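Let's take a walk through this one together. Have the sequence and the 3D view open side by side, and follow along.

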Amino acid sequence: MQSVSHDPAAVAVNDNGWLNTGDCNSTSVHLLQTGFGRCGATDACNGRPGPAGPDTTTPPALQPAPTPTPPGPGAQPEHLTQPDLLLWPSSWLHSGPTMGGCLSKPKPVEVKVELTLLDKEKEADVMSPNGKASPFSDCRPNGALGHCSDEDAAATYRTSHKPRDYVEAAVCHVKDLENGQMREVDLGTGRALLIKEHGEFSAIAHKCPHYGAPLVKGVLSKGHVRCPWHGACFNIATGDIEDFPGLDSLPTFQVRVEKDRVIIRANKQALQTQRRTKAMSKCSAVINSNTGFSHVLIIGAGPTGLVCAETLRQEGFTDRIVMCTVDKHLPYDRPKLSKSLESTAEQLRLRSTEFLQTHDIELLTEKEVVSVDVKMKTVTFQDGFKMEYRKLLIATGSKAKPLNYKGKEVENVFHLRSPEDANHIARLASNKNAVIVGTSFVGMEVAAALTDKAHSVSIIGIEAVPFRKALGEKVGKAMMKLFETNRVKFYMLNEVSEMRGHHGQLKEVVLKSGKVLRADVCVIGAGSGPATAFLKQSGVHMDSKGFIPVNKTLQTNVEGVFAGGDVVTFPLSLRNNKKVNIPRWQMAHVHGRVAALNMIGRPTEVKTVPYFWTAMFGKSIRYAGYGDGFDDVVIQGDLDDLRFVAFYTKSEEVVAVASMNYDPIVSRVAEVFGTGKTIKKRDVETGDMSWLIDKGSQ
């Protein structure tokens, strides 16, 4: 038996370069020296030559890590572990989530002191997303634990835990906050979010690490706070991200009460970065990049693939992980492509090369998969290279639906698929004529982004009103009016017949109605379908449209083969497990985490409320739920002023909600949906939404 140890917490680096240097419990990691855990030609345990193909040996019984000895009386807070200080009640339940509003008369409460440790990674590798000890914290399915050694932990403490790195400030009186309230407080060198729930105080970063939304304007409910912009959720005790979008968690800060004053002690750097990357393990084997075997192979490097890879490392997985993509770029923020056309791949990237290398997540770019053999557990690439796998995740996303028209050889006609496409569109449209084909969210966002660049912007749609199927005719008309106010011309109930060029360059778009539009650049945003053609004859079942049906754990009909993101239909618990396809950024993140947990033997089902957003002309529409097939829309607010809430109903039940300039209503409704409660149509028809508004933040 060989003893191996490492310190994932001490080397975790986020995209901003912030070292997450919290020390962790000193634990030696023991790997049983067997065939299980081998990577191609390298033995994972001892570096000796191993088999060329996958090993089928049953994994040995796993040995739990030794439990650290609790500190004695008088130990300083820096030396205490989270269980020593965890004073939260056993139940998180209370009357309901709260948001925006003012303070009511304070009530006397008994306050316990809670110290939430930033400088200890809060035992992140043994905590589940809900902040409770994971049943898998002591044993990992691949036989490895992700803890640091005594020497590494001591070194981290010596170099990183210096008094000058911290700031401490009294931020309010103990009675200034009632239960269920949040307040953004200033510590001099930065701000934090102070929270009071069930008589206990906690403090976390005040900005959502996704796009920087102020969490004080979000929704506090049952031990987590939900972002008001895009719905990400963070545990208020651990700071861990519990629902998406986004990759990073939040730093937490120490809180204590002295003489009725609430005092926060925080790391200065954490106050500046406002984000924390979870501790991750590393691959325990010496890997040759040309080795044709990976324990986990991920096809696709979008949010599903990236979150899957990161979750595996966060959960202590120490075998090989390979992601492959047809793109030439690192994983990037694709939703921004249509909203910020001049952004570069570097500006949009989600993780750096250094980050992936640090955490042993291998990325193969410009690698197109042409076939999968599930019997041989082999993937074949276009260049002939083959790779065997033990677990496979298919997350290839969507591809643009082809349009039938004359003149497909004409240049400067784009399907927005890459940062280069976006950059070309912006450059070609400058002071020229732009035509958008299709009223999808992507097409409409591109049109909005071009209005301050192009001489003219025209939109061609096959329906009478944009967004009618997704948001309803009333909301669609209001958005159409917004576009027209910004000089956009609509040609609805129409289709493209021909693209005409001059010297090969686009000059005109001809409609089936006979109308001819001047055009120097054209963007086609007429919908998309799953990118799954390579799976034909693979053994992976697909429906007639090319989608991959999966179960609640995202497993396909083939054991060990998972799929997620745009390519799947999955059971949505919110709609009585109806099989649905939801090609949204947030859902893709969720699928990545669920797939990873099930790969390592932690049964987990998809249980989330679908959430998406769109932004045009500096205004955002938030949306939560699943409104497909809605039969009525109840509007509260003012559509003309673009300050409204739209409730989508089906059979007298609210199934989805959308809003503009009404935050955090959508996040609040998402919380209600998440509890399994039903919102009736009659509840939203009265115009009284006080049931959605409680004490909230200040």
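Phe 441, Gly 443, Met 444, Glu 445, Val 446, Ala 447, Ala 448, Ala 449 and Leu 450 are the buried residues of helix H9. Keep in mind that this is a predicted model. The helix spans residues 441-450, and with nine of its 10 residues buried, H9 is largely enclosed by the rest of the structure. Notice that the buried set takes in Glu 445 as well as a run of alanines at 447, 448 and 449.

Now move along to a little sheet. Three strands make it up, in the order S31-S33-S34; the sheet is open and its pairing is mixed. S31 (548-549) and S34 (578-580) sit at the edges, and since each has a single partner strand, one side of each is left without a neighbour in the sheet. Look at how S31 meets S33, which covers residues 568-572: the two run parallel and are joined over two bridges. If you want a spot to zoom in on, try Pro 549, whose bridge partner in S33 is Thr 569.

Last stop: Ala 624, which you'll find in strand S36, residues 619-625. How buried is Ala 624? Its relative accessible area is 0%, and because buried means under 20%, Ala 624 counts as buried. So who is around it? Leaving out residues up to four places away in sequence, Ala 624 touches Val 609, Pro 610 and Tyr 611, then Ala 656 and Val 657, and also Val 666, Ala 670 and Phe 673. Val 655 is worth a look too: 31 residues from Ala 624 in sequence, it lies 8.8 Å away in space, C-alpha to C-alpha.

Terms used
Residues are numbered from 1 along each chain as its sequence is written. This is a predicted model: local features need pLDDT of at least 70, side-chain atom pairs count only at pLDDT 80 or more; totals for chains, interfaces and linings use all residues. Side-chain values use heavy atoms; hydrogens and water are left out. Helices (H or I, at least four residues) and strands (E, at least two) are DSSP runs, numbered from the N terminus. Buried means under 20% relative accessible area, exposed over 50%, partly exposed in between (1.4 Å probe, protein chains only). Contact means heavy atoms within 4.5 Å. Two strands pair if DSSP finds at least two bridges between them.
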